[in-house]
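Trainee: Hello! I'd like to learn how to read a protein model. Could we go through one together?
Mentor: With pleasure, let's bring it up.

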Amino acid sequence: MEFFQPSSWAEALEIKAAHPDATPIAGGTDVMVEINLDHGRPSSILDLTRVRELTEWGMDDGMLRVGAGVTYARLIDELGDRMPGLAMASRTVGSPQIRNRGTVGGNLGTASPAGDAHPPLLASDALVELASTSGSRRVSIHDFFTGPKRSAMRKDELIAAFLVEPARGAQQFSKVGTRNAMVIAVCSFALALDPARRRVRTGIGSAGPTPLRASEAERFIEGVLEEENLWDRWTEVSESALKRFGELVAIASRPIDDVRGTAAYRRHALAVLARRCFAWAWSSPFMGRWPAGPEGL
Ligand SMILES: Cc1cc2nc3c(=O)[nH]c(=O)nc-3n(C[C@H](O)[C@H](O)[C@H](O)COP(=O)(O)OP(=O)(O)OC[C@H]3O[C@@H](n4cnc5c(N)ncnc54)[C@H](O)[C@@H]3O)c2cc1C
């Protein structure tokens, strides 16, 4: 097996251009499992751990640009206040060891429908920055996932970073698993509220061939909040509206029966998660801190 270890981003892109079949490795928490289980043996490995640029984050034209090599542990510590939904999801990933090694870039690289970073990235309308020696492009997260473990990334490209706006309102993430830690999601749900733009965004994990967005549910609840003027009044959303929101999230999912759960259970659980996430987010103190909220909250 050939082993490449670039020390700069430019060098990494050149190696990928010359060896499009080389398998990038960041934390290795997916790649090494595949190799250890003999699911495949890459002809060459492109180790990205020495590329400093991938481990950096900063502001870029109003958005947070986070290098693909930033680990879950750093994301929680350094960016938890600006990306609360993604930080909540990151806290559920694996174990401390996995969170110290694993990266959001690697989660995107694997593009599993069960990747825990994906629902909050969908709810935040994230962009994925892909780069090659011929330049870089930013792809909407809504166009990134093209099938189970397939994405819009070309063979000569690497993931440079992802970009999200710092949270503009409350965010939530919730996941069902067969135990509390070290578990692949049976299903998961993320929510982001944007009171100033009067927008609700969603992300569904582990309940379809790709991570999904529940557009109909978003439109429905936005309509309720608008019609009843709830963004301004900040009063409770009715039980019936929450129930319908949950149902529409379940309808947007496309789950299958597998070893982790049945499709029927996933739909049921998603309706519950969506309802709860919305209620938690709506009553979150973060909503009150937002300037559009009523004084005193
Ligand atoms: C015990 C255990 C528990 C886990 N628990 C969870 C969990 O709870 N939730 C969850 O979502 N995942 C979990 N995982 C899976 C894994 O930790 C995550 O998917 C993680 O985000 C992978 O990141 P990584 O940096 O280790 O990726 P790697 O294994 O290094 O790479 C993953 C994929 O991305 C590609 N890649 C990496 N970086 C780049 C880049 N910059 N550009 C292009 N391609 C790239 C690689 O080629 C590979 O295909 C678990 C894994 C283990 C072993």
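Trainee: Let me start with Gln5: between which strand and which helix does it lie?
Mentor: Gln5 belongs to the loop that runs between strand S1 (2–4) and helix H1 (9–18). Keep in mind as we go that this is a predicted model.

Trainee: Is Gln5 buried, exposed or partly exposed?
Mentor: The idea is to ask how much of a residue's surface stays accessible, with buried meaning under 20% and exposed over 50%. Gln5 has a relative accessibility of 33%, so it counts as partly exposed.

Trainee: Leaving out residues up to four places away in sequence, what does Gln5 touch?
Mentor: Its partners are Asp47 and Arg50. With Asp47, the side chain of Gln5 makes a polar contact of 2.6 Å, side chain to side chain. With Arg50, the two side chains are joined by a polar contact of 3.2 Å.

Trainee: And how far apart are Gln5 and Tyr265 in space?
Mentor: From C-alpha to C-alpha the distance is 45 Å, and in sequence they are 260 residues apart. You can try the same exercise on Phe173 and Ala269: they are 96 residues apart along the chain, and 13 Å separates their C-alpha atoms.

Trainee: Let's stay with Phe173, then. Where does it lie, and is it buried or exposed?
Mentor: Phe173 is part of strand S11. Its relative accessible area is 7%, so Phe173 is buried. Setting aside neighbours within four places in sequence, its contacts include Gly85, Met88, Ala89, Asp116, Phe189 and Cys277.

Trainee: Can we do a helix residue too? Which helix holds Ser90?
Mentor: Ser90 sits in helix H4, which covers residues 84–91. Its relative accessibility is 1%, so Ser90 is counted as buried.

Trainee: Which backbone oxygen lies 2.7 Å from a polar atom of the Ser90 side chain?
Mentor: The backbone oxygen of Leu86 does. Beyond the neighbours within four places in sequence, Ser90 is in contact with Tyr72, Leu75, Ile76 and Arg99.

Trainee: Now the ligand. Which residues around it come nearest?
Mentor: A good habit is to list the surrounding residues before looking at individual atoms. Here 31 residues surround the ligand, and Pro24, Thr29, Asp30, Tyr72 and Thr103 come nearest. Tyr72 is a name you have met already, as a contact of Ser90.

Trainee: Which of their side chains have a polar atom 2.6 Å from an oxygen atom of the ligand?
Mentor: Thr29 has a polar side-chain atom at 2.6 Å from a ligand oxygen, and Thr103 has one at 2.6 Å as well. For Asp30, an N or O atom in the side chain is 2.6 Å from an oxygen atom of the ligand. Taken alone, the ligand would expose 980 Å², and the protein buries 87% of that.

Trainee: Which element gives the most to the shell around the ligand?
Mentor: Helix H6 does, with four residues. Strand S2 (23–25), helix H2 (31–36), helix H6 (104–110) and strand S10 (158–164) each supply at least two. By type, the shell divides into 15 nonpolar, 13 polar and three charged residues.

Trainee: What about strands that pair up? How many bridges join S4 to S5?
Mentor: To read a pair, look at the direction, the bridges and the link. Strands S4 (residues 57–60) and S5 (residues 63–67) run antiparallel and are joined by four bridges. Trp57 stands opposite Val66 in S5. The two strands form a hairpin with two residues between them, and Asp61 in the turn has a positive phi of about 50°.

Trainee: How many bridges join S6 to S7?
Mentor: Six bridges join S6 (residues 127–132) to S7 (residues 135–140), and these strands are antiparallel. A hairpin links them through two residues, and Ser132 has Gly135 in S7 as its bridge partner.

Trainee: Where else can I find a positive phi outside glycine?
Mentor: Look at Lys149, whose phi is near 60°, and at Met182, where phi is about 55°. Lys149 lies in the loop between strands S8 (145–147) and S9 (150–151), while Met182 lies in the loop between S11 (171–176) and S12 (187–194).

Trainee: And how exposed are Lys149 and Met182?
Mentor: With a relative accessible area of 51%, Lys149 is exposed, whereas Met182, at 46%, is partly exposed.

Conventions: Residues numbered from 1 in each chain as written. Predicted model: local features only at pLDDT ≥ 70, side-chain atom pairs only at ≥ 80, totals over all residues. Heavy atoms only, no water. Buried < 20%, exposed > 50% of the residue type's maximum accessible area, 1.4 Å probe, protein only. Polar contact = N/O pair within 3.5 Å; in protein donor to acceptor, adjacent residues only side chain to side chain. Contact = heavy atoms within 4.5 Å. Near = heavy atom within 4 Å. Areas by Shrake-Rupley, 256 points an atom, 1.4 Å probe, with all protein chains shown as cover. Nonpolar A, V, L, I, M, F, W, Y, C, P; charged D, E, K, R; others polar. Pairing = 2+ DSSP bridges.
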